[in-house]
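Visitor: I would like to learn how to read a helical model step by step. Could you take me through it, beginning with a single residue and then moving on to helices and record annotations?

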Amino acid sequence: MENKVTVTGANKVFMLVLVINIVFSFVTELVDIAFGNILDDNMLLILMMIQFYCILFPALFYMIGNKINIKDTLRFNSPGLLPSFLIILISAPAFYAASALNSIVFYILQFIGRVPDDLPIPLPKNPGEVFVTLLVIAIAPAICEEILHRGLLLKAYENRGTMKAVVISGIMFGVFHFDITNLLGPILLGILFGYYVVRTNSIFAGVIAHFMNNFLATILQYLLKDMERDSSFYTLQDLGYTLLFGAICAVFVFLLLICFKFATEGKCRIKESRTTVLNDAISIISHWPIVVVIVLYIIFIGLYLITISL
């Protein structure tokens, strides 16, 4: 007999994934200190290991161990040609709109201290390195992270209402990155990816969108690799221009989403919410695995703020 994924089970997996990621990162840092530069020299390999060992495998082991219908949970269906094309079109304006949201946090944090502008991944210097980087940064997360977020978590929370599940899983996607400078953007993208998945009834819609977002980030890094970064103060005027263009991009996203909605008519089954937003919020944040995640997140943010203020 096949079981259905539960909110309790999904929350435990989410917590376990984050704890495993923290432990793995801590261990690799210790190894880097002990042996010197091993982290920098093998960053792409380490990131690939994180995707599979720390994200994908816990989600798969949970589903297999609990005899959950993987095909139903992960929505292994075709998203359709037109919806897929629209998702690709939306990717560029959505990418910038998400980046604009992140700039708000960046602007605020610089009043506390210098926000590090170094990238967590090595910049690709030639087409060959771009290809390898895309495998690690675009393809692997598009598969592994989508199975966790738009597969397991989205399905678990859908009994609370489909649109609520999209928002909840999107917020968890933002928290999952454990980076206050990269929180608001991933929340927006997570909600968008979840909407694609429920409208097409296909996780491949989320995979396409996730791949395109990370593809654009990688290609931009490669194209701008020789450009000197301005480490000067990010002014309110700079923020204003960024948010203005982000708002224009958001309008394009909205208009394309209208087309996407028409293109996916009849493909989805929207479950109505049976509880209030307040009751859902209390229920979620009081569940012990989420409490653990929140505490860990607060600790990490606190340490980060202390670090940049020194």
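**Reading contacts, crossings and annotations**

Guide: Let us begin with one side chain: once its neighbours within four places in sequence are left aside, N214 is in contact with I137, A138 and P141. Please keep in mind throughout that this is a predicted model.

Visitor: In which helix does N214 lie, and is N214 buried or exposed?

Guide: N214 lies in helix α9, and with a relative accessible area of 13% the residue is buried, since buried means under 20% relative accessible area.

Visitor: How should I describe the way two helices pack?

Guide: Two packed helices are described by the angle between their axes and the distance between the axes. Here, helix α6, which covers residues 127–157, and helix α9, which covers residues 203–223, have axes that come within 8 Å and cross at roughly 150 degrees. The crossing in which α6 passes α9 is right-handed, and the contact of α6 with α9 is made up, by class, of 15 nonpolar, six polar and three charged residues.

Visitor: At what angle do the axes of α5 and α8 cross, and how are these two helices oriented to each other?

Guide: The axes of helix α5 (residues 81–109) and helix α8 (residues 184–200) cross at roughly 160 degrees and come within 7 Å. Angles over 145 degrees count as roughly antiparallel, and α5 and α8 are therefore roughly antiparallel to each other. Their crossing is right-handed.

Visitor: Which residues of α5 and α8 meet?

Guide: On the α5 side they are P83, I87, I90, A94, A97, A98, L101, N102 and V105, and these meet L184, G185, P186, L188, L189, L192, Y196 and T200 in α8. Sorted by class, the residues of this contact of α5 with α8 comprise 14 nonpolar, three polar and no charged.

Visitor: Backbone angles also puzzle me; which residue in the loop between α7 and α8 has a positive phi although it is not a glycine?

Guide: That residue is F178, whose phi is about 50 degrees, and its place is in the loop between α7 (162–176) and α8. F178 counts as buried, at 17% relative accessibility. A second case is N201, a residue other than glycine with a positive phi near 55 degrees, placed in the loop between α8 and α9; at 26% relative accessibility N201 counts as partly exposed.

Visitor: Which residues is K164 in contact with, leaving aside its neighbours within four places in sequence?

Guide: K164, which lies in helix α7, is in contact with S273, T275, T276, V277 and D280 when those neighbours are left aside. K164 is also buried, having a relative accessible area of 16%.

Visitor: Finally, what does UniProt list as "transmembrane region", and how do I set such a record beside the model?

Guide: The unreviewed UniProt entry lists several spans under "transmembrane region", among them residues 12–31 and 165–197. For residues 12–31, the end C-alpha atoms lie 28 Å apart and the span is 100% helix and 0% strand, whereas for residues 165–197 the end C-alpha atoms lie 11 Å apart and the span is 79% helix and 0% strand. UniProt, again in an unreviewed entry, also lists residues 130–216 for "domain: CAAX prenyl protease 2/Lysostaphin resistance protein A-like"; in the model the end C-alpha atoms of residues 130–216 lie 12 Å apart, and this span is 85% helix and 0% strand.

Definitions and conventions
Residues numbered from 1 in each chain as written. Predicted model: local features only at pLDDT ≥ 70, side-chain atom pairs only at ≥ 80, totals over all residues. Heavy atoms only, no water. UniProt positions renumbered as here; feature names shortened; annotations may be inferred. Helix = DSSP H or I, 4+ residues; strand = E, 2+ residues; numbered from the N terminus. Axes fitted to C-alpha atoms, helices over the stretch in contact; angles between N-to-C directions. Left-handed = near helix turned anticlockwise from the far one by under 90°. Nonpolar A, V, L, I, M, F, W, Y, C, P; charged D, E, K, R; others polar. Parallel < 35°, antiparallel > 145°, perpendicular 65-115°, else oblique. Contact = heavy atoms within 4.5 Å. Buried < 20%, exposed > 50% of the residue type's maximum accessible area, 1.4 Å probe, protein only.
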